[in-house]
Amino acid sequence: MSEHAVSGTAASATRPVRPWKVIAAASIGNALEWYDISIYAYFSVYISVAFFPSESHSVSIMLALGTFALSFFIRPVGAIVLGSFADRKGRKPALTLTIWLMFLGTLMIVIMPPAHVIGLAAPLLILLARLIQGFAAGGEFGSATSLMVEHLPNRKGFAASWQFTSQAMSTVLASIIGVSLTTGLSQEQLETWGFRLPFIVGLLVGPVGLYIRRHVPESPEFTAAAAEVPEKSAAIGGILRHHKLAVVLAIGAIAVSTCLNYFITYVPTYAMDNLGMTASAGFWATLVSGIVLLLFTPVAGHFCDKVGRLTFMIPAALAVMVLTWVLFTWVVAANALSVLIVVVAIFSLLKAAYYGPLASVMGDIFPTEVRGTGLSLGYNVGVAIFGGLTPLVAAWLIGVTGDAKAPAYWVLLAGVLSVAAILVVWKKLGVR
């Protein structure tokens, strides 16, 4: 970074900035990312018909969910490229680029002709759109979390909790749209054009996000580090040589919350295909989940700054491990919407307690000069494994075992890994 650029950003960073502006600027791209992810997963039944037609319904669903999963495996590439860019050029330029790319991917899905019009090009171009979104999302979390914790170091737990609170906002919006469309449109309308409407709503977030991010100064902590070590490159080789334990711990820390997150996005399909519920039933459950997360994630973020972040995270992860099999057994045996809603609400409450402190803990694992790259890489490898694969693994486990409770095994594995990672973060790195 040039001396002029550093001095310019330093000047802007010294101007007072209101916390809500930082939180809004950092969170809105994450909200758009999660909204698009939720909508794709929620409407995968209809997307499979439009873009992945097959004589077998289950094959169409697996192809749609497989495309969903594949898009997550480019996220670590985006993490390396965009995270390194954020560590070299600044958090703001990286965040602006990510929101443009996410907007482009969403636009492609909105205007894509169905498979019966353009044939094999349809699923391939849908995959390309999801890969663009995945690449962009790869750099979003690290840059946005770094911006918040570096602007608000005395309230980092609360500030960073809005990364995940914004996901809850998106879940609420996506679920409301899901309930409205599945109750207001016919099956044929949903399969032909109705599934595109939620993606059109997603397009509106892009210009808003760009406007807000333009009016927030660069992180003062990044500016100071850049001035001290100009043009320092946070190369991936350096991350893996000097901070590979931190990357592994970040992957482990996010496993259980991400696994639960993406299982909840699978709930509309799970409720229809495995519990025999109506199309709108699963969306009611995800709406309740979004409300619970929206209310309690920032509360957990606020109080963890006072009593300790791991005080929230460790009991929440242990509770997930203890209750997972019981809750899955209950929802399958009862086969009732009311029980599905209660089970999803319990998972969401535990997730909120874990989610609130999580982003700031992950931020503290890495030093400032490599925080964007390290956070992006650890987060996105974790999300690729325990997020993108979760709907696909859930469907596969049910298919192999014939047991609708089978996804519980995957959630339990994620819980074990997260508890182990957080204990190492506490004992070895001294993060509280």
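Q: Which classes make up the lining of the largest pocket, and how many residues has each?
A: The lining has 6 nonpolar, 5 polar and 1 charged residues. Ala, Val, Leu, Ile, Met, Phe, Trp, Tyr, Cys and Pro count as nonpolar; Asp, Glu, Lys and Arg count as charged; the others, Gly among them, count as polar. The lining includes D273, I61 and S58. Therefore D273 is charged, I61 is nonpolar and S58 is polar.

Q: How do you know which residues and atoms these values use?
A: This is a predicted model, where local features need pLDDT of at least 70 and side-chain atom pairs count only at pLDDT 80 or more, while totals for chains, interfaces and linings use all residues. Residues are numbered from 1 along each chain as its sequence is written, and side-chain values use heavy atoms, without hydrogens and water.

Q: Why is this space called a pocket?
A: On a 1 Å grid over the protein atoms alone, a pocket is an open set of points with protein on both sides within 12 Å along at least five of seven lines. Lining residues have an atom within 4 Å of a point. About 150 Å³ of space lies in the largest pocket. Elements that give two or more residues to its lining are α4 (57–70), α15 (244–274) and α19 (371–401). The most come from α4, with 5 residues.

Q: What makes α4 a helix?
A: Helices are DSSP runs of H or I, at least four residues, numbered from the N terminus. The chain comes to 20 helices and 0 strands.

Q: Why is N335 called partly exposed?
A: Buried means under 20% relative accessible area and exposed means over 50%, with a 1.4 Å probe and protein chains only; partly exposed lies in between. N335 has 39%, so it counts as partly exposed. Its place is the loop between α17 (309–334) and α18 (337–365). N335 is not a glycine, yet its phi is positive, about 50°. Most residues other than glycine have a negative phi.

Q: What makes a set of residues a nonpolar core?
A: Its members are buried Ala, Val, Leu, Ile, Met, Phe, Trp, Tyr and Cys residues, joined through side-chain atoms within 4.5 Å. The largest such core has 115 residues, and F43, F51, L340, Y354 and L358 touch the most other members. Its largest share, 18 residues, comes from α15. A second, separate core of 10 residues includes V22 and A159.

Q: How do you know which residues L340 is in contact with?
A: Contact means heavy atoms within 4.5 Å. Leaving aside neighbours within four places in sequence, L340 has contacts including V267, L275 and V331.

Key: On a 1 Å grid over the protein atoms alone, a cavity is a set of points where a 1.4 Å probe fits but cannot get out, and a pocket is an open set with protein on both sides within 12 Å along at least five of seven lines; lining residues have an atom within 4 Å of a point. Grid points are joined across faces, edges and corners, and a volume is the space filled by probe spheres set on the points.
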